[in-house]
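Let's walk through one part of this fold together, starting with a sheet and moving on to the helices beside it. Keep the viewer open as you read.

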Amino acid sequence: MAVVPMKRLELFALRRDRKAILELLQRRGVVEVECTQASGEVFRQADTSQAQQELETQARLLEQAVELLDHTVPVKKGMLSFLAGRKPVTWEEYQRQGQEAPALLEQAREILRLGKQVTDSEAQAQRLEAQLETLKPWMPLDLPLDAKGTGSTRVFLGSFPQALEEGALKAQLAQRLPQVSGMEAEVLSCQAQQTCVFLVCLRQDAAQVEEALRSMGFTYPAVTSPLPPSQQAKALEEEIRGARKEREDALGEIAGLAPKREELLLAADYISARAEKYQVLGELWQSPHTFCLAGYLPAEDAPGLVGELESRFTLLAEVAEPGPQEDPPVKLKNNFFTEPVEGVVEGYSLPSRHEVDPSAVMAFFYYVLFGMMLSDAAYGILTVVGSAFALRKFPDMELKMRKTLRMFLFCGISTTVWGVLFGSYFGDAIPVIAQTFFHTEITVPALWFEPLDDPMRLLIFSFGVGVAHLFTGLGVQFYQLAKQKKYADALYDVVFWYLLVGGLIVVLLSTEIFQNIAELPFVVPGPVAAVAGVLAGIGAVGILFTAGRESRNPVKRFLKGLYGLYGVSSYLSDILSYSRLLALGLATSVISTVFNQLGAMLGGGVVGAIFFAVVFLIGHSMNMAINLLGAYVHTNRLQFVEFFGKFYEGGGRAYAPFAANTKHFQIKEEK
């Protein structure tokens, strides 16, 4: 239960030192700066929005240049590259790269210019190719497409929107222009939706011929040229080759700049951090000669930071406990075993100021419940090996991913233990393989019992685990209330529920019908059951008269007490929810068994062995993946709904210190 204590920092310093102080705070990365109104009329906020916007634009420009490099010269990445995390750099390398940022910005602009040139050249080539395509129907023509005729003749070059044979064309023209003589028409090309024609007539008949042609759907070429189509095509082909070469040259230049990829990204991180610094700079309240800054930082970091600030600058720094009305941020700190479940807690909500961190008490149950749901030793070993391999192979993995994999490592260990207790190794794969391929009987007995043979025992045990889980949650609530010196509330809201629920459980265990159904190995003595009944009655009466204690009206108080007492039904539903431990555990075993039996259908020959291997690999891969997901989801549900519902509200604000929050590289201080 480790919520890091926070201190409030208030700092007053000379204005000339503000940038240097902010750079130091950003480098240390432990202060969450809070924008608070300074008292008096002397202090003002500086407008740094334009500088911040310019820096953000520069950072985006650098990232866009890298995206273009990645598109042009893709980086080969392994299947597990997403686990590698950001590459570490020292602060000195980071600062040195920042000094080269102006030159890198020019290189980024050059990359983007070359990228535009590639795009424009490709567009130009496509446009020219489209023109070349439109020329193909006119290739038989040895005249320019803008030919108009001679002094005594008129030439018509164009097309009709349908297929026309030359004879049909001449027949239609003769029918429409019976009085026109000395007219000649030639079909240059004919396609389904276009017929290109050449037509010549006497100039005095041009108007009549043009009117007739238009009535037939005649249109002039969209593109004309003083060159014949064959010569125009050659010119277009030359232009296309030029555009393609220009594109290839630009791509070559971009590829030559690919080694600058990491430098560009590091410069982008540097400029983004500067933009964040200017954002904070704009939130500071400043007078002509001084400025003030407030924020929160972990108590353990306060002495060192204040000492460093006072040794380097002329300032006043005060560290104090946050006031009762303040909302300090929340930072969790746990040990190697409990830290992995912090992500689960954060996924629900961080603890509020007066709540404990549930990670420590939750971790043990989380691993146990996950293991019971998956409950196959082979699956557990694979989970452990896979998680350990990834953690070892990728030392620079992001912290959140590292926590998640460590969580699955512990869950895998728990799964292995439960698998050994239940005798499940890829289900019943060992006896099936021994019987099918070696005609012998080999079994690995369960260290405890096999759930498929005795599901009732597992169900009762699941309920027992659920009761322990819920009562632990009540215990945490008792601790929180006692810590706040709310001893009466601890009695009313925890002890009475312990008496009621615990007493009812003991009474239930003492009944003959339950003992017959559950086949309990023990018998609850009558006097113990009687005492449990009395304690349950005391708890019920206590809840009845205290659940509505905030109401002054006695009737309302009594009615609220009845409603609070009705809450015992929620405990029943919560306990029943733990039957999912049985359901998911049996599902893993049953599905495994089905795949094993399916793989053994063809017997023990070579074909049978190949078939078994294929079914085994595919089936168990699917089963493991599905049940890993199911165990994760349902374990979270039992924590969020049943466990947290007994003591935890959350609502804390995540600690977000002012730091060099880089996107592409990890900055590591050399110790």
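The paragraphs below cover the sheet, then its helices.

This is a predicted model, where local features need pLDDT of at least 70, side-chain atom pairs count only at pLDDT 80 or more, and totals for chains, interfaces and linings use all residues. Residues are numbered from 1 along each chain as its sequence is written, and side-chain values use heavy atoms, leaving out hydrogens and water.

Begin with the open sheet, in which 3 strands follow the order β5-β7-β6 with antiparallel pairing. Here helices (H or I, at least four residues) and strands (E, at least two) are DSSP runs, numbered from the N terminus, and two strands pair if DSSP finds at least two bridges between them. At the edges lie β5 (153-160) and β6 (184-191), each pairing on one side only. Strand β7 (residues 194-202) is joined to β5 by 8 bridges; there, Val155 stands opposite Val200 in β7.

Now add the helix α6 (residues 206-215), which packs on the sheet and touches β5 and β7 (contact means heavy atoms within 4.5 Å). Its buried residues are Ala206, Val209, Ala212 and Leu213 (buried means under 20% relative accessible area, exposed over 50%, partly exposed in between, with a 1.4 Å probe and protein chains only). Viewed down the axis of α6, these buried residues fall within an arc of 130°, so they line one face of the helix (the arc is that of the directions from the helix axis to the C-beta atoms). They pack against β5, α5 and β7. The face turned away from the buried side of α6 carries the exposed residues Ala207 and Glu211. After α6 comes Gly217, with a positive phi near 90°.

Methods
Axes are lines fitted to C-alpha atoms, for helices over the stretch in contact, and angles run from 0 to 180 degrees between N-to-C directions.
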